[in-house]
Amino acid sequence: MTEISSMVISHKKAKVEEMESAWHGDLDGLLRNLYKHEYVYECVVLKTCNRVEIYVVSPKSSSVLFSFAKEMGASTHIIDFYGHDESLEHLLRLAGGLESMIVGEDQILGQIKDLYAYSKKAGTTGKILETAFEKAIQVGKRIRNETRINKGSVSIGSAAVDLAEDIFGGLTGKNVLVIGAGEIGVLVAKALAEKDIEAIYIANRTYKKAEEIAYELGGHAVRLDDIRAYLPGADVVISGTGAPHYILTREIVEEAIKCRERKLLLIDIANPRDIEESVVELENVELCNIDNLRVISERTLRMRKEEAKKAEAIIQEEIRLLNLQYKRHKADRLISELYKQVYDVRLRERQKAVNRLSSYHTIGDIETEVLDDLTRSIVNKILGEPTKVLRQAAELGNEEFLDVVSRVFCLDKEKVRFEKIKQAKFDQIKPGCTKEQAEVKEEYAVKD
């Protein structure tokens with residue numbers, strides 16, 4: 001059976017610069033590059049500020065993902081490769097917030113929804129990944145409804161604000177500049193609005209968006225090109241744009257801190273990074289990035305230990321249900337094919353009966369309807385019990401029984417066709433040539 005496999009690069013093993021180097025091009029390009037591979041039947045890519053994850057449905061998943069990791073130039077020591085069961089458990093844990101840097105954060109669930117929807121719209125998903133991701137989204141919602149895992153400061157944005165509070169010993173009377181009005185920027189701004197700060201400035205490439213957020217939170221909108229004018233008065237700058245280049249270079253920061261003696265805290269929560277790293281060499285400038293948020297993560301993890309245990313129990317329960325769902329899928333496919341075959345016979349034979357009766361006397365709509373109901377009822381009664389048996393076999397994991405039924409009724413014609421091709425190729429190989437036989441077996445195993 002073709003199953004899910006995944007490769008995961010996350011904050012657990014990789015630093016910010018390593019995750020940056022593992023990502024090339026835009027999401028659409030990466031999806032297309034994956035999907036055009038002959039052995040990739042479905043794929044979804046998840047990309048956030050602290051993770052890059054690739055999910056594929058492929059009969060040669062290991063070799064596909066290893067070769068793709070090599071193509072990306074990512075070191076294998078920062079990658080986790082997962083098989084079907086591990087991938088499902090990881091995805092459900094991810095949606096539940098258990099794999100996040102800050103356990104229980106809500107942002108990841110929205111990102112999974114959006115990136116899954118993007119892949120679905122791009123046409124790179126199918127029944128197998130759609131089942132997994134829809135289950136993951138449902139589980140993520142359930143965990144947040146039934147536990148308190150998402151209470152308190154849980155997003156990367158709110159953690160950045162907590163970090164600023166820790167460094168300054170509070171934000172009372174501070175001026176804060178937020179660069180970027182995307183999802184993370186909005187979370188930062190909302191977390192800041194709850195603090196007793198002097199002023200909050202929202203800078204964004206799209207000025208209208210900055211105005212909307214500033215109006216909602218009682219802040220001030222700033223055009224992205226004007227941030228140089230606001231830097232000298234800022235105590236804290238939190239930057240989280242999607243720009244491919246530095247927003248704050250060393251030169252810009254150096255100019256801003258002239259003639260001031262108080263500390264300037266820069267927090268870079270973007271990936272790729274927004275702030276040039278060499279600013280740390282400047283006097284009275286402190287730079288923090290995603291790696292620094294691990295301190296907040298550890299503190300939050302201790303607070304939420306008990307809630308995480310409840311979430312784990314929910315995930316294990318849902319994993320069992322998901323595996324049952326996958327097993328039923330195979331039975332449902334066979335049942336659908338079986339009904340289709342028998343219904344085709346029913347329609348042909350009913351029409352023959354109508355034609356024969358019509359040769360003796362006129363057949364009206366009532367008679368035709370009676371014949372239709374009769375043949376349909378016969379088919380449904382005959383197939384009723386086999387349908388139950390097939391579903392029970394699927395739930396018990398009796399793959400051999402399902403395969404026998406499939407072969408007896410020729411339900412998987414594509415598989416039968418490839419079996420015949422494989423056998424024909426075997427017949428052409430001289431006896432004792434085990435290497436050639438193994439190559440043929442491997443080649444046509446991908447069609448199973």
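This is a short talk on helix packing, a few individual residues and some backbone geometry in one predicted model.

I'll start with the chain as a whole. There are 448 residues, and 47% of them are buried. The secondary structure comes to 17 helices and ten strands. If you take the contacts with a sequence separation of 6 or more, 71% of them are between residues 24 or more positions apart.

Now the helix pairs. Helix H6, residues 127–146, appears in both pairs I want to show, and its partner in the pair I take now is H5, residues 107–122. How are these two placed against each other? The angle between them is about 160°, and the axes are 10 Å apart. The cut-off for roughly antiparallel is over 145 degrees, so H5 and H6 are roughly antiparallel to each other. Their crossing is left-handed.

On the H5 side, the residues in this contact are Ile108, Leu109, Ile112, Lys113, Tyr116 and Lys120. On the H6 side they are Glu130, Phe133, Glu134, Ile137, Gly140, Lys141 and Arg144. By class, that gives six nonpolar residues, six charged and one polar.

The other pair is H4, residues 84–95, with H6 again. Here the angle is about 40° and the axes are 8 Å apart. Roughly parallel would need an angle under 35 degrees, so H4 and H6 count as oblique to each other. H4 passes H6 in a right-handed crossing. From H4 the contact uses Leu88, Leu91, Leu92 and Ala95. From H6 it uses Ala132, Phe133, Lys135, Ala136, Val139, Gly140 and Arg144. Eight of the residues in this contact are nonpolar, one is polar and two are charged.

If you compare the lists, Phe133, Gly140 and Arg144 of H6 meet H5, and Phe133, Gly140 and Arg144 also meet H4.

Staying with helices, look at H8, residues 183–193. Which of its residues are buried? They are Ile184, Gly185, Val186, Val188, Ala189, Ala191 and Leu192. What do the buried residues of H8 pack against? The helices in question are H5, H7 (156–168) and H9 (207–217), and the strands are E5 (175–179), E6 (199–204) and E8 (236–239). So H5, which we met in the pair with H6, turns up again as a partner of H8.

Next, two single residues. Asn150 sits in the loop between H6 and H7. Is Asn150 buried or exposed? Its relative accessible area is 15%, below the 20% limit, so Asn150 counts as buried. Leaving out residues up to four places away in sequence, Asn150 touches Gly104, Asp106, Arg144 and Arg304. Arg144 is also one of the H6 residues in the contact with H5. With Asp106, the side chain of Asn150 makes a polar contact, side chain to side chain, at 3.3 Å. There is also a long-range neighbour to point out: Glu307 is 157 residues from Asn150 along the chain, and their C-alpha atoms are 9.1 Å apart.

The other residue is Thr375, in helix H14, which covers residues 365–395. Thr375 is buried too, at a relative accessible area of 17%. Its side chain reaches the backbone oxygen of Asp372, at 3.1 Å. Beyond neighbours within four places in sequence, Thr375 is in contact with Arg346 and Arg350.

Last, the backbone. As background, most residues other than glycine have a negative phi, and most peptide bonds are trans. Here are three places to check against that.

The peptide bond from Asn271 to Pro272 is cis, with omega near 5°. Pro272 is in the loop between strands E9 (264–268) and E10 (285–289).

Asn284 is found in the loop between E9 and E10 as well. Its phi is positive, near 65°, in a residue that is not glycine. Asn284 is partly exposed, with a relative accessible area of 35%.

Cys259 also has a positive phi, about 65°, although it is not a glycine. Where is Cys259 found? It is in the loop between helix H11 (250–256) and E9. With a relative accessible area of 88%, Cys259 is exposed.

That is the end of the talk.

Conventions: Residues numbered from 1 in each chain as written. Predicted model: local features only at pLDDT ≥ 70, side-chain atom pairs only at ≥ 80, totals over all residues. Heavy atoms only, no water. Axes fitted to C-alpha atoms, helices over the stretch in contact; angles between N-to-C directions. Helix = DSSP H or I, 4+ residues; strand = E, 2+ residues; numbered from the N terminus. Parallel < 35°, antiparallel > 145°, perpendicular 65-115°, else oblique. Left-handed = near helix turned anticlockwise from the far one by under 90°. Contact = heavy atoms within 4.5 Å. Nonpolar A, V, L, I, M, F, W, Y, C, P; charged D, E, K, R; others polar. Buried < 20%, exposed > 50% of the residue type's maximum accessible area, 1.4 Å probe, protein only. Polar contact = N/O pair within 3.5 Å; in protein donor to acceptor, adjacent residues only side chain to side chain.
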